[in-house]
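The following paragraphs lead through a structure step by step, beginning with the arrangement of its chains and then turning to a helix and a charged residue.

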Protein chains: 2
Amino acid sequence: ADPAEGRKLASQCKICHGLDGIAKIPIAPNLAGESQIYIQNQLKAFRSGKRQHEMMSVVAKNLTDQQIADLAAWYQSIEITARMPE
Amino acid sequence: ADPAEGRKLASQCKICHGLDGIAKIPIAPNLAGESQIYIQNQLKAFRSGKRQHEMMSVVAKNLTDQQIADLAAWYQSIEITARMPE
């Protein structure tokens, strides 16, 4: 899978999810640093209809396996750090 | 919603999602810094069956609205930073 290719494809995702994977809208999840497996599972679920969402079902419908792998590789490649409140 | 209460409840989530919301297993998503709305929507979807997963459907089944709100408040309270590869 090619994260650089995924970064280009993410131009259609960044409106809601951010290019860096920090969500821009509250109904969208962060994707930064998500495992490639999780993202692929969700995109394939949206594509097959196993998981449904008014926008994601449309977005995922025409994605190929390669595009899904590249997108997942891009978001997995983003490094995140988490700081818990005291 | 009470993040401190959510933090206690998260003792059942941390095995897969981490107390800090950084997933411990590849099939689980990160929850760190996720918006309260997104987490609540997903937990309620798992509880109602709108979204299904062999573990999450069981975990969510007995959660009350208050517990869902507290858990979501906890994970939202975690600060995350994302660094994209050059």
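In this predicted model, a turn of 180° with a shift of 0.0 Å along the axis lays chain A on chain B with an RMSD of 0.0 Å. Such a relation is that of a two-fold axis. Within chain A, the C-alpha nearest the axis belongs to A:Thr81, which lies 2.7 Å from it. Both copies are served by the same surface, since 100% of the contact residues of chain A recur in chain B.

Consider next helix α5 of chain B, which covers residues 65-76. Its twelve residues, at 1.5 Å a residue, should span 16 Å, and because its end C-alpha atoms are 16 Å apart, the expectation and the model agree. The buried residues of α5(B) are B:Ile68, B:Ala69, B:Asp70, B:Leu71, B:Ala72, B:Ala73, B:Trp74 and B:Tyr75, and against them are packed three helices of chain B, namely α1 (3-9), α2 (14-17) and α3 (36-48).

One of these buried residues, B:Tyr75, also leads to B:Glu34, with which it is in contact. B:Glu34 is found in the loop between α2 and α3 of chain B. Leaving aside neighbours within four places in sequence, the contacts of B:Glu34 within its own chain are B:Ile39, B:Tyr75 and B:Gln76, while those in chain A are A:Ala28, A:Pro29 and A:Asn30.

What is the nearest side chain of opposite charge to B:Glu34? It is A:Arg51, at 9.0 Å, whereas a salt bridge would require the charged atoms to lie within 4 Å; B:Glu34 is thus buried yet has no salt bridge.

Methods:
Residues are numbered from 1 along each chain as its sequence is written. Chains are lettered from A and ligands numbered from 1 in the order in which they are written. This is a predicted model: local features need pLDDT of at least 70, side-chain atom pairs count only at pLDDT 80 or more; totals for chains, interfaces and linings use all residues. Side-chain values use heavy atoms; hydrogens and water are left out. Copies are superposed by least squares on the C-alpha atoms of residues with pLDDT of at least 70 in both. Contact means heavy atoms within 4.5 Å. Helices (H or I, at least four residues) and strands (E, at least two) are DSSP runs, numbered from the N terminus. The expected span of a helix is 1.5 Å times one less than its number of residues. Buried means under 20% relative accessible area, exposed over 50%, partly exposed in between (1.4 Å probe, protein chains only). Lys and Arg count as positive and Asp and Glu as negative; His and the chain ends are not counted.
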